[in-house]
Amino acid sequence: MIRPTGIRSTVLARAAICALGAIGGIAAAQTYPTKPIQLVVPFSAGGDADMAARNLSAAVQGVLGQPVVVVNKAGANGAIGSVAVKNAAPDGYTLLVGRIGSQVLLPALQPKTTPYTWKDFTFIGILELNPVVCVVHPDSKYKTFHDLTDALRANPGKLTYSHSGPATVQNLAPQLLLSSLGLKPDAAVNVPYKGGNEVALAVLTKDVDFACNNLSSMTGLLAGSKLRPLVTTTPERLAQFPDIPTVREVGLPRLETVIGWSGLFGPPKMSPEAVNKWTAALKQIAQDPKWIAGNANFGGIPHVLSPADTEAYISQGYTVYADLAARAGLQVD
């Protein structure tokens with residue numbers, strides 16, 4: 001009579017232990033994060049990626065309940081910081097705030113020397129977009145975007161544009177425009193400058209005919225009517241400049257890929273629990289007025305995407321730039 005009771009007790013005890021173990025495992029999965037998280041920025045402090053990361057850190061710490069620390073690991077056009085995250089433990093405590101330059105342009109334009117591909121990371125979300133706007137001088141005879149494209153077709157090799165380097169958005173935007181018009185890469189003459197401000201100044205001083213530049217480098221000039229905007233690469237019209245038509249409206253939706261952005265990435269095979277926690281957190285801060293306002297400090301337009309939509313968005317951009325690089329001979333390897 002005693003023995004069956006003992007067996008029954010042992011079975012119940014083991015069942016209780018298993019149940020507690022299962023509960024403990026569930027609780028462990030639900031407790032992420034339990035320590036500070038590093039946001040690696042693969043560029044120097046003060047740039048768009050850095051400001052995007054610090055804006056994200058300030059907004060998300062209260063949501064996640066842990067400090068989110070921004071760490072700058074600049075070098076090799078963003079490759080050093082990106083590789084550091086690629087090689088990190090996939091536990092969700094080391095993440096990357098990447099830009100189009102580090103995550104798309106480098107793999108597309110330097111595939112042989114870039115130590116990663118566009119898909120070597122866990123996609124968590126796009127954070128915001130940084131518009132590109134094509135501009136001319138207010139006195140220019142090109143009153144509309146179609147005036148400019150008609151002139152490019154009619155006078156190949158005559159018009160000039162300013163840019164800040166061969167592998168920058170300021171150069172790739174006009175090159176993609178020429179490609180979309182069925183023109184050769186030399187159908188417009190490229191004139192290099194050191195940065196976005198000089199790119200805008202070259203149009204202002206009439207040293208070049210046009211430029212496709214980051215909005216953040218031209219906001220004051222556009223507000224003061226010092227430059228004439230012809231088109232923006234954003235999916236919707238800009239709230240600050242609602243009279244600027246979009247590339248979709250002018251019949252060249254392919255140019256929507258020419259836009260700056262910040263995105264959140266993790267190491268390969270990152271913990272699904274951590275990805276889900278960040279997905280929910282990004283959805284929450286997308287409604288946070290402080291985070292939304294913080295984007296305006298560096299010309300960012302909130303545009304939070306899910307992991308799946310982020311992967312599709314980046315895949316599309318990579319395909320466009322890799323194809324452009326091959327057609328225009330822009331690969332530097």
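1. Start with a small cluster of charges: Asp48, Arg99 and Glu128 are joined in a network of salt bridges. Keep in mind as you look that this is a predicted model. Within that network, the side chains of Arg99 and Glu128 pair up with an N to O distance of 3.8 Å. Arg99 belongs to strand 3 (residues 94-99) and Glu128 to strand 4 (residues 122-130), so this salt bridge links distant parts of the chain, 29 residues apart. Find the two on the model and you'll see that both Arg99 and Glu128 are buried.2. How many salt bridges does a search of the whole structure find? The count is ten. As a bit of background, side chains of opposite charge can pair when their charged atoms come close.

3. Another of these pairs is Arg237 with Glu249, whose side chains meet at 3.0 Å, N to O. Both residues lie in the loop between strand 9 (228-232) and strand 10 (260-266), so their salt bridge ties together parts that are twelve residues apart in sequence. Buried or exposed? Arg237 is partly exposed, with a relative accessible area of 40%, and Glu249 is partly exposed too, at 46%.

4. Now look at Arg254, which forms a salt bridge with Asp323; their closest N and O atoms are 3.4 Å apart. Here the pair links distant parts of the chain, with Arg254 in the loop between strand 9 and strand 10, Asp323 in helix 11, and their positions 69 residues apart. Arg254 counts as partly exposed at 31% relative accessibility, and Asp323 is partly exposed with a relative accessible area of 28%.

5. Helix 11 also has a helix partner worth a look. The axes of helix 6 (residues 169-180) and helix 11 (residues 307-328) come within 11 Å and cross at roughly 75 degrees. Angles from 65 to 115 degrees count as roughly perpendicular, which is therefore the label for helix 6 and helix 11.

6. Which residues of helix 6 and helix 11 meet? From helix 6 come Leu172, Gln175, Leu176 and Ser179, and from helix 11 come Val320, Tyr321, Leu324, Arg327 and Ala328. Sorted by class, this contact has six nonpolar, two polar and one charged residues. It helps to remember that an α-helix has 3.6 residues a turn, so residues three or four places apart point the same way.

7. Stay with helix 6 for a moment. Its twelve residues reach 16 Å from first C-alpha to last, close to the 16 Å expected at 1.5 Å a residue. Helix 6 is mostly covered, with ten of its twelve residues buried. Among those buried residues are Leu172, Gln175 and Leu176, which also take part in the contact with helix 11. After helix 6 comes Gly182, whose phi is positive, near 80 degrees.

8. A few backbone details deserve a check as well. The peptide bond from Tyr32 to Pro33 is cis, with omega near 0 degrees. You'll find Pro33 in the loop between helix 1 (2-30) and strand 1 (37-41).

9. Finally, which phi values go with Asn77 and Ser225? For Asn77, phi is near 60 degrees, a positive value in a residue other than glycine. Asn77 sits in the loop between strand 2 (68-72) and helix 3 (79-86) and is exposed, with a relative accessible area of 55%. Ser225 likewise has a positive phi near 60 degrees. Ser225 lies in the loop between helix 8 (219-223) and strand 9, and its relative accessible area of 54% makes it exposed.

Terms used
Residues numbered from 1 in each chain as written. Predicted model: local features only at pLDDT ≥ 70, side-chain atom pairs only at ≥ 80, totals over all residues. Heavy atoms only, no water. Axes fitted to C-alpha atoms, helices over the stretch in contact; angles between N-to-C directions. Helix = DSSP H or I, 4+ residues; strand = E, 2+ residues; numbered from the N terminus. Parallel < 35°, antiparallel > 145°, perpendicular 65-115°, else oblique. Contact = heavy atoms within 4.5 Å. Nonpolar A, V, L, I, M, F, W, Y, C, P; charged D, E, K, R; others polar. Salt bridge = Lys/Arg side-chain N within 4 Å of Asp/Glu carboxyl O. Buried < 20%, exposed > 50% of the residue type's maximum accessible area, 1.4 Å probe, protein only. Expected span 1.5 Å × (residues − 1).
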